[in-house]
Amino acid sequence: MPRPAKSGSPNSLRTSAASAPLRYPFSPLHFFSSLCPLCSDLRALCVKSFSHSFFVTSFLLYVITSLFVAGCTHTSASDPSTLTFLLESNPTNLDPRYATDAQSQHIDGLLFSSLLKRDEQMNLHGDLAESWNTPDPRTYIFHLRPSVHFHDGRPLTSADVKATFEFMMNPANKSPKRGAFRLVSSIEAPDPATVIFHLKEPYASFAINLIRPTTGIVPANAAADFSRHPIGSGPFRFVSQAQDDEVIVERDRGDSSLPHSDGGSAAPFSRVRFRVVPDAIVRALELRKGSADIEVSSLTPDIIPLLAKQASLAVTERPGTNFTYLGLNLEDPILKHREVRQALAYATDRGSLIRYLVHGQARVASGILPPNHWAYEPNVMQYVLDTTRAEQLLDSAGFPRGKNGVRLHITLKTSTDEQFRVLGAALQEQWRRVGIDLELRPLEFATVLSDAVKGNFQLNLLRWVGANNDPDIFEFVFSSKRFPPDGANRGHYRNPRVDALTDQIRTEMDQEKRKALCSEAQKILAEDLPYLPLWFTDAVSVHRKILGDVPLSPTGDFDFLTVLPLRR
């Protein structure tokens, strides 16, 4: 495991051996460097980032093979009416009643309409619903927009909405989304334009389960093989899918919200070809060659600045909502002390970590809700680097420095992902300055998560993706009623006031009152620190410069494709 150099210079987080990279009698990368500028940049990146890895030789050989197979000659996309979009993984199921992986849900958001959608502040708006109301906390009534049709021409009615949800609620169908509707007692469709949900108990976050792309509406008589040729009512229609290769969709010309040609030579693209390319370096080369048009948040922070140097490419970056944090086990005899948790926060230089480890592609987090959220509270306790304050807190908690300068020993479990391993090494160096000896334990991600659920950890390094976009996350993660397996309070945090607040947040229907409850909860959590917040990762896209400034969603959805004209 590499250890960062001591602080005191802008390069404080670079590994000490970076200035003396491994040397080989003959480096095939020098040969490939002559083929194109990106290869040269990749050579420097490989040596800098992986010179300490036990697997450096195999990695270099893999890069060489990738470069040889992909080539570095500049080509252009063959079909000007098709946008080629690179994905890092295969969409597993395009039936929105089953889709849970990110790629399937992103594409489903283009193919299917939902009752509701949300804006960038996570406020809800109508999608299929022209209006809706809640006459009481257990009843939701939705009135559908008129004249909506599926892509095969059939009208979309309340019967389709009712059938979609009842299918997911039926245990026999084994939908992984069934749990989201566990509080629904019944659904009515009194006329073709009205849908009524009856709940067993008040649940203020119920509507968030009805948004696009979470729950798309399918025809009531959807066949058993619906996922092979899905039919929706969204802005794009399904064309074809080749497993582990590509998905092709095309614009639905009946959707008036989509951009159309202005009558000149510039015209919007009519199709999107989602190509599955698992390797990040190959994705980078495809963009460099011009055989692909765009990717979103699928490249490592190191590769993006290299691609930004290419004249034909541009980078669009905006604040995102994916939350990276340190989980703490509050039943641990060391970490049960709030002073220790606060000392860790004061000993962490998150600004430097963001600057040097993720190339500035993140924003410091003060809590689990992203700053763009309507319920976000900015006026909470903040932790900037202050080693003096950290040492004072450790003294007061009963952990003085020993003769060797060490106050305490703790262990951090993290995945074997290279970025997380380097982050762990950087924390190890930063915390050593205040007398904390941090042991790093890299494990397979599945093991890290399994140990977290079992409470078998002191510290772990994890991310929340998507789930932190609704206030319901406070109960799920911080209520003492939601220890695993009934929730994600893996650190066994207990605070009676937070329990009371999360109970109220779950049932309060008035948004302003709910926001006030969330505000109080965030202030308490910022002082108690059951999590040590690190940052929100930016949404970043590398794309052909001709696309202009891509209007990325902070949640990583593909909605921007509905308003993005391709001008070649």
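These legends describe close-up views of a predicted model. Local features need pLDDT of at least 70 and side-chain atom pairs count only at pLDDT 80 or more, while totals for chains, interfaces and linings use all residues. Residues are numbered from 1 along each chain as its sequence is written, and side-chain values use heavy atoms, with hydrogens and water left out.

**View 1. Helix 6, residues 280–289, is largely enclosed by the rest of the structure.**
Helices are DSSP runs of H or I with at least four residues, strands are runs of E with at least two, and both are numbered from the N terminus. Ten of the ten residues of helix 6 are buried, so the rest of the structure largely encloses this helix. Buried means under 20% relative accessible area, exposed means over 50%, and partly exposed lies in between (1.4 Å probe, protein chains only). The buried set includes the charged-type names R283, E286, R288 and K289. It also includes I281, V282, L285 and L287. D279 caps the N-terminal end: one of its side-chain oxygens lies 3.0 Å from the backbone nitrogen of I281. G290 follows the helix, with a positive phi near 95°.**View 2. The largest nonpolar core has 69 residues.**
A nonpolar core is a set of buried Ala, Val, Leu, Ile, Met, Phe, Trp, Tyr and Cys residues joined through side-chain atoms within 4.5 Å. L344, I368, I410, W431, L459 and F478 touch the most other members. Helix 11, residues 418–432, gives the most to this core, with six residues. I410 touches I334, L344, W431, I436, D437, L438, E439, Q458 and L459, not counting residues up to four places away in sequence. Contact here means heavy atoms within 4.5 Å. A second, separate core has 56 residues, including L87, L115, I217 and L564. In soluble globular proteins, nonpolar side chains tend to be buried together.

**View 3. V161 sits in helix 5, residues 158–169.**
V161 is buried, because its relative accessible area is 0%. Its contacts are L115, L144, L156, V195 and I217, leaving aside neighbours within four places in sequence. The C-alpha atom of V161 is separated by 8.5 Å from that of A189. Along the chain, V161 and A189 are 28 residues apart.

**View 4. Strand 5, residues 139–144, pairs with strand 4 and with strand 7.**
Strand 5 is mostly covered, with five of its six residues buried. Two strands pair if DSSP finds at least two bridges between them. Strand 4, residues 129–136, runs antiparallel to strand 5 and is joined to it by five bridges. A hairpin through two residues links strand 4 to strand 5. Strand 7, residues 194–199, is also antiparallel to strand 5, again with five bridges. H143 of strand 5 is the bridge partner of S131. H143 also has a bridge partner in strand 7, T194.

**View 5. T324 lies in strand 12, residues 313–328.**
T324 has a relative accessible area of 1%, so this residue counts as buried. The side chain of T324 makes a polar contact with the side chain of R463, at 3.4 Å. A polar contact is a pair of N or O atoms within 3.5 Å; within protein, one must be able to donate a hydrogen and the other to accept it, and residues adjacent in sequence count only if both atoms are side-chain atoms. Leaving aside neighbours within four places in sequence, T324 is in contact with L461, L462, R463, P533, L534, W535 and T537.

**View 6. Cis peptide bonds lead into P213 and P485.**
From R212 to P213 the peptide bond is cis, with omega near 10°. P213 is placed in the loop between strand 7 and strand 8 (236–242). The bond joining P484 and P485 is cis, with omega about 10°. P485 is in the loop between helix 13 (472–478) and helix 14 (496–507).

**View 7. Positive phi values occur at S147 and D244.**
S147 is not a glycine, yet its phi is positive, near 60°. This serine is found in the loop between strand 5 and helix 5. S147 counts as exposed, because its relative accessibility is 68%. D244, also not a glycine, has a positive phi of about 60°. Its place is the loop between strand 8 and strand 9 (246–251). The relative accessible area of D244 is 52%, so D244 is exposed.
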